[in-house]
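Dear colleague,

Please find below the structure that I am handing over to you. A summary of what was found in it follows.

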Amino acid sequence: MARLDGQVEEIINARREAQGEEHGMEELPQDLLDFFLKSERVDSGVGSDNGGAEQEQPQQTAKVVLNRQVIVDNIKTFLFAGHDTTASAISWALYLVSKQ
């Protein structure tokens, strides 16, 4: 698992470098990893202390901020879930074709 974590980290670092060279930070996410990386950069503003004063501004919805380990875990889940379901579907399809 440590080796896989390292490979996912390399992919994330390569994507970050590519985003810095080619794309602006405000560009919409193009795939799942871009979406996760964008959520890592977002500042939620949650937990700010207003000194007990009542806010007269409408409440803002909190944005999800993911840490690096959550991103790595989600990418691994996505990779393995996609692999297993595709392999299972192909296996069943070949089995059913062979029975006909």
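**Overall fold**

The protein chain contains 3 helices and 0 strands, and the order along the sequence is α-α-α. Please note that this is a predicted model. Of the 100 residues in the chain, 14% count as buried. Among contacts with a separation of 6 or more, 66% join residues that are 24 or more positions apart. The chain exposes about 8,200 Å², and carbon and sulfur atoms supply 56% of that area.

**The nonpolar core**

The largest nonpolar core has 10 residues: Leu 4, Val 8, Ile 12, Leu 33, Phe 36, Leu 37, Leu 66, Ile 71, Val 72 and Ile 75. Three elements each give two or more residues to this core, namely α1 (2-22), α2 (32-41) and α3 (68-99).

Two members of the core may serve as points of entry. Ile 12 is in contact with Leu 33, Leu 37, Arg 68, Ile 71 and Val 72, when neighbours within four places in sequence are left aside. Leu 37, in helix α2, is buried, with a relative accessible area of 0%. Not counting residues up to four places away in sequence, Leu 37 touches Ile 12, Arg 15, Arg 16, Gln 19 and Ile 71. Leu 37 and Arg 68 are separated by 31 residues in sequence, and their C-alpha atoms are 8.7 Å apart in space.

**Salt bridges**

A search of the whole structure finds 5 salt bridges. One of them joins the side chains of Asp 5 and Lys 76, at 2.5 Å from N to O. This pair links distant parts of the chain, as Asp 5 is in helix α1 and Lys 76 is in helix α3, 71 residues apart.

Lys 76 deserves a separate word. Is Lys 76 buried or exposed? Its relative accessible area is 10%, and Lys 76 is therefore buried, the cut-off for that class being under 20%. Apart from neighbours within four places in sequence, Lys 76 is in contact with Met 1, Leu 4, Asp 5 and Val 8. Two of these contacts, Leu 4 and Val 8, are with residues that also belong to the nonpolar core.

Lys 76 also meets Asp 73 in a salt bridge, at 3.8 Å from N to O. Both residues lie in helix α3, 3 residues apart, which is about one turn of the helix. Asp 73 is partly exposed, with a relative accessible area of 33%. Asp 5, Asp 73 and Lys 76 are thus linked in a network of salt bridges.

A further salt bridge is formed by the side chains of Glu 9 and Arg 68, at 2.9 Å from N to O. Glu 9 lies in helix α1 and Arg 68 in helix α3, so this pair ties together parts that are 59 residues apart in sequence. Glu 9 counts as partly exposed at 23% relative accessibility, and Arg 68 counts as partly exposed at 24%.

**Aromatic pairs**

How many aromatic pairs are there? The count comes to 2. Phe 35 and Phe 36 form a tilted pair, with 6.2 Å from centre to centre and 50° between the planes. Phe 35 is partly exposed, with a relative accessible area of 48%, whereas Phe 36 is buried, at 10%. Phe 36 is also one of the residues of the nonpolar core.

In the pair of Trp 92 and Tyr 95, the ring centres are 5.7 Å apart and the planes stand at 90°, so the pair is edge-to-face. Trp 92 and Tyr 95 both lie in helix α3, 3 residues apart, about one turn of the helix. Trp 92 is exposed, with a relative accessible area of 53%, and Tyr 95 counts as partly exposed at 42%.

**The nonpolar surface patch**

Leu 32, Phe 35, Phe 78, Leu 79 and Phe 80 make a nonpolar surface patch of about 510 Å². Helices α2 and α3 each give two or more residues to the patch, and α3 gives the most, with 3 residues. Phe 78, which lies in helix α3, is exposed, with a relative accessible area of 53%. Phe 35 thus takes part both in this patch and in the tilted aromatic pair with Phe 36.

Yours sincerely

Methods. Residues are numbered from 1 along each chain as its sequence is written. This is a predicted model: local features need pLDDT of at least 70, side-chain atom pairs count only at pLDDT 80 or more; totals for chains, interfaces and linings use all residues. Side-chain values use heavy atoms; hydrogens and water are left out. A nonpolar core is a set of buried Ala, Val, Leu, Ile, Met, Phe, Trp, Tyr and Cys residues joined through side-chain atoms within 4.5 Å. Buried means under 20% relative accessible area, exposed over 50%, partly exposed in between (1.4 Å probe, protein chains only). Helices (H or I, at least four residues) and strands (E, at least two) are DSSP runs, numbered from the N terminus. Contact means heavy atoms within 4.5 Å. Rings of Phe, Tyr and Trp (its six-membered ring) pair if their centres lie within 6.5 Å; planes under 30 degrees apart count as stacked, over 60 as edge-to-face and the rest as tilted. Accessible areas come from the Shrake-Rupley method with a 1.4 Å probe; for residues, only the protein chains shown count as cover. Patches are made of residues with over 30% relative accessible area and no salt bridge: like charges are joined within 9 Å, nonpolar side chains (Val, Leu, Ile, Met, Phe, Trp, Tyr) within 5 Å. A salt bridge is a side-chain nitrogen of Lys or Arg within 4 Å of a carboxyl oxygen of Asp or Glu.
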